[in-house]
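Q: I should like to learn how to read the features of a structural model. Please take me through the example below.

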Amino acid sequence: MAYDFQVAIDSANPHAQADWWAETLGWTVEPQDATFIKSMIDQGYATEAETTTHHGALVWASGAAIRHPSTDRRVLFQTAPEAKTVKNRVHLDVRVGDEKREAEVERLTARGATFLWRGQQGPHSWVTMADPEGNEFCVA
């Protein structure tokens, strides 16, 4: 039996990370239902302290997700109590093709990404970068 999955990424500010990655990938930030959130508070299942306002909307403070525009692919950004301290064990590869790689690296750097190094294995090459919170990813 095959299973579906999502990628979950720990972050200090999941809503800012979701915004950044949605723009980077051309995906959309998954909307959150303020009416549902308020009902959970009213019923005692949640507290106001578990919420925040992002772009003028009531949202859960602990996470935000992005979705691919035409598939069920989903990435969840969730709060983590500790800061990132070492290299990621899992990372995303943003595959744009050889002809678009340098322009994409420039675009992402202008939006707050950090260039880390260039890599190559045989005929394949990539640029390793870090997102605004320091999570490594590759542009290939």
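Q: In the hairpin of E8 and E9, which residue takes a positive phi, and how many residues stand between the strands?

A: The model is a predicted one, in which local features need pLDDT of at least 70 and side-chain atom pairs count only at pLDDT 80 or more, whereas totals for chains, interfaces and linings use all residues. Residues are numbered from 1 along each chain as its sequence is written, and side-chain values use heavy atoms, with hydrogens and water left out. In this hairpin, Gly122 takes a positive phi near 60°, and two residues stand between the strands. The names refer to DSSP runs numbered from the N terminus: helices are H or I with at least four residues, strands are E with at least two.

Q: Where else does a glycine take a positive phi, after H1 and after H3?

A: Just after H1, Gly26 has a positive phi of about 75°. Gly112 follows H3, and its phi is positive, near 115°.

Q: How is the pairing of strands read, and in what sense do E8 and E9 pair?

A: Strands of a sheet pair through backbone hydrogen bonds, either parallel or antiparallel. Here two strands count as paired if DSSP finds at least two bridges between them. E8 and E9 (residues 124–130) pair in the antiparallel sense over seven bridges. Thr114 has Ala130 in E9 as its bridge partner, and Phe115 stands opposite Met129 in E9.

Q: What is the order of the strands in the open sheet, and which of them stand at the edges?

A: The order of the four strands is E7-E10-E9-E8, with mixed pairing. Strands E7 (92–94) and E8 (114–121) are at the edges; each has a single partner strand, so one side of each is left without a neighbour in the sheet. On average, neighbouring strands of this sheet are turned by 30° against each other, direction ignored. Axes are lines fitted to C-alpha atoms, for helices over the stretch in contact, and angles between N-to-C directions run from 0 to 180 degrees.

Q: Which strands does helix H3 lie across?

A: Helix H3 (residues 101–110) lies across E8, E9 and E10 (136–139), and runs at about 0° to E9.

Q: How does one read the two sides of a helix, and which residues of H3 are buried?

A: An α-helix has 3.6 residues a turn, so residues three or four places apart point the same way. Burial is judged by relative accessible area (buried under 20%, exposed over 50%, partly exposed in between, with a 1.4 Å probe and protein chains only). In H3, the buried residues are Arg101, Glu104, Val105 and Leu108. They cover an arc of only 105° around the axis, which puts them on the same side of H3; the arc is that of the directions from the helix axis to the C-beta atoms. On the other side of H3, Ala103, Glu106 and Ala110 are exposed. The cover over the buried residues of H3 includes H1, E9 and E10.

Q: Which aromatic residues of H1 are among those buried, and how are their rings described?

A: A pair of aromatic rings is described by the distance of the centres and the angle of the planes. Rings of Phe, Tyr and Trp (its six-membered ring) pair if their centres lie within 6.5 Å; planes under 30 degrees apart are stacked, over 60 edge-to-face, and the rest tilted. By this rule there are three aromatic pairs. The ring centres of Trp20 and Trp21 are 5.1 Å apart and the planes stand at 80°, so this pair is edge-to-face. Trp20 and Trp21 are among the buried residues of H1, which also include Pro14, His15 and Gln17.

Q: Which parts of the chain does the pair of Trp21 and Phe137 tie together?

A: Trp21 and Phe137 form an edge-to-face pair, with 4.9 Å from centre to centre and 75° between the planes. Trp21 lies in helix H1 and Phe137 in strand E10, so the pair ties together parts that are 116 residues apart in sequence. Phe137 is buried, as is Trp21. Ring pairs link Trp20, Trp21 and Phe137 into a cluster.

Q: How many helices and strands does the chain have?

A: The chain has three helices and 10 strands. Of its 140 residues, 32% are buried.

Key. Contact = heavy atoms within 4.5 Å.
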